[in-house]
Amino acid sequence: PSICCLPLVDVSRQAPSLPQNQPNSTLTFLHSFLMELCVPNPCIIPTNSSPSSSSHPLTPRLLLLPTSLTNHPLLSINNTMDHPHKKPTILCNASSTVKGHHTTTPAAHDDDDVIERIGSVKRVTNETNVEVELNLDGVGSPDSSTGIPFLDHMLDQLASHGLFDVHVKAVGDTHIDDHHTNEDVGLAIGTALLNALGDRKGINRFGDFTAPLDEALVHVTLDLSGRPHLSYDLQIPTERVGTYDTQLVEHFFQSLVNTSGMTLHIRQLAGKNSHHIIEATFKAFARALRQAIEYDPRRRGTVPSSKGVLSRS
C-alpha cells in the first residue's frame, strides 16, 4: 500500500484564541479557520502532543489532511479486509518458442485490485536448461544460480536496485565456457520481461540513469519501444573478472535486448577497474528499467506511443 505522510501543524500559533474544553465548538472553529486558510475539505484529527496532555482531551496539534487527496491514485491504500477476494495475478509462461502471453494491463488507478506483473520462462536447448521468474512489482528479492558466479552477482544487482524479484536457475555446458549459459540467461530474462509487460499500457516507457561506483561512472538510457537495438560503449580494461569473460557483458545485454524488444544505450563516462565498470552498468540498467516499467498516473492506462501501440506488445 502507498502511504501519505503529512506534517503536524501547530495551529495554536496561528489561532491562539481556541475555545477550551469544548470539543464540538473547537472542531467547528478549526474547520472554519482552515477553510479560510484555503485548505480544501480539511480532515481534522485531534492528537495528544504528550502523555501529560491527558487533562486536555483536545490539544491544538492537528494533522491537516485534505480529504480530496484520498481519491488520488498515488495515495490509495488497499484494505484487504474490505476486499477479501484473491488479488489477480498475471502469470506469463514461455519456452524457447514463445507462446501467447496476457495482454491485460493492470489498471494503474484501480484501488481495489493489484495485478502483479510476473514473467515466467523455461528455456531448454541442447546446451542449457534455464528457468526464469521475473516479478516487476517485487521487493528486490534475488535468487540466481547460473553456474557463473560473477553473473549471479550482477543479477543480484538487477534485483536489488530495480526492486525486481529475479529468480534464475540455469544449468549449462560451462565445462566448455560460459558463453552459451550467459547468452541463454539473457534471452530468457528478456522473454520474461516481454511477457510481464504485456501491452505496456500506462507505463513510463523511458528510463535514464547514471550510476557511479568509486572511479567508474556509467550512463544507461532505454526505451521499451518494442524495437530491439543495443548501443554499447564500455572500455573494460581486462579480459576477465575472476573467471568471467568480460566480452560476455555485451553479449548478455544483446541477448536481453533481442527478446524483450528494448532500445538500450550503455555508455561509460569514467572508470579503470573492470569489476567496477561492469557492476555500475548493471546498477544503472536496473534503475533505468525500474523508471521505465513504473506507471505514469497521468497516462491513465493508455499506451505510451503516438501510434497507439508498441510493436512488440
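Begin by selecting helices α2 and α5 in this predicted model, where Phe150, His153, Met154, Gln157, Leu158, His161 and Gly162 of α2 meet His275, Ile278, Glu279, Phe282, Lys283, Phe285, Ala286, Arg287 and Arg290 of α5. Colour that selection by residue class, and the contact of α2 with α5 divides into seven nonpolar, five polar and four charged residues. With the two axes drawn, α2 and α5 come within 8 Å of each other and cross at roughly 35°, and the crossing is right-handed.

Stay with α2 alone for a moment, selecting residues 149–162. These 14 residues should span 20 Å at 1.5 Å a residue, which agrees with the 20 Å that separates the end C-alpha atoms of α2. Which residues of α2 are buried? They are Phe150, Leu151, Asp152, Met154, Leu155, Gln157, Leu158, Ala159 and Gly162. An α-helix has 3.6 residues a turn, so residues three or four places apart point the same way. Stepping just past the end of α2, select Leu163, which takes a positive phi of about 55°.

Next, keep α5 (residues 274–293) on screen and add α4 (residues 248–260), whose axis lies 11 Å from that of α5 while the two helices pack at an angle of about 20°. That angle makes α4 roughly parallel to α5, and the crossing of α4 past α5 is right-handed. To display the contact, select Val249, Phe252, Phe253 and Leu256 in α4 together with Ile278, Thr281, Phe282 and Phe285 in α5; by class, this set holds seven nonpolar residues, one polar residue and no charged ones.

From α4, move on to helix α3 (residues 179–197), whose axis comes within 7 Å of the axis of α4 and crosses it at roughly 30°. The helices α3 and α4 are therefore roughly parallel to each other, and the crossing they make is right-handed. On the α3 side, select His179, Asn182, Glu183, Val185, Gly186, Leu187, Ile189, Gly190, Thr191, Leu193 and Leu194, and on the α4 side Leu248, His251, Phe252, Ser255, Leu256, Thr259 and Ser260. By class, the contact of α3 with α4 has eight nonpolar, nine polar and one charged residues.

Finally, zoom out to the protein chain, whose secondary structure comes to five helices and 14 strands. Of its 313 residues, 42% are buried. Among contacts between residues at least 6 apart in sequence, 73% join residues at least 24 apart.

Conventions: Residues are numbered from 1 along each chain as its sequence is written. This is a predicted model: local features need pLDDT of at least 70, side-chain atom pairs count only at pLDDT 80 or more; totals for chains, interfaces and linings use all residues. Side-chain values use heavy atoms; hydrogens and water are left out. Axes are lines fitted to C-alpha atoms, for helices over the stretch in contact, and angles run from 0 to 180 degrees between N-to-C directions. Helices (H or I, at least four residues) and strands (E, at least two) are DSSP runs, numbered from the N terminus. Angles under 35 degrees count as roughly parallel, over 145 as roughly antiparallel, 65 to 115 as roughly perpendicular and the rest as oblique. A crossing is left-handed if the near helix is turned anticlockwise from the far one by less than a right angle, and right-handed if clockwise. Contact means heavy atoms within 4.5 Å. Ala, Val, Leu, Ile, Met, Phe, Trp, Tyr, Cys and Pro count as nonpolar, Asp, Glu, Lys and Arg as charged, and the others, Gly among them, as polar. The expected span of a helix is 1.5 Å times one less than its number of residues. Buried means under 20% relative accessible area, exposed over 50%, partly exposed in between (1.4 Å probe, protein chains only).
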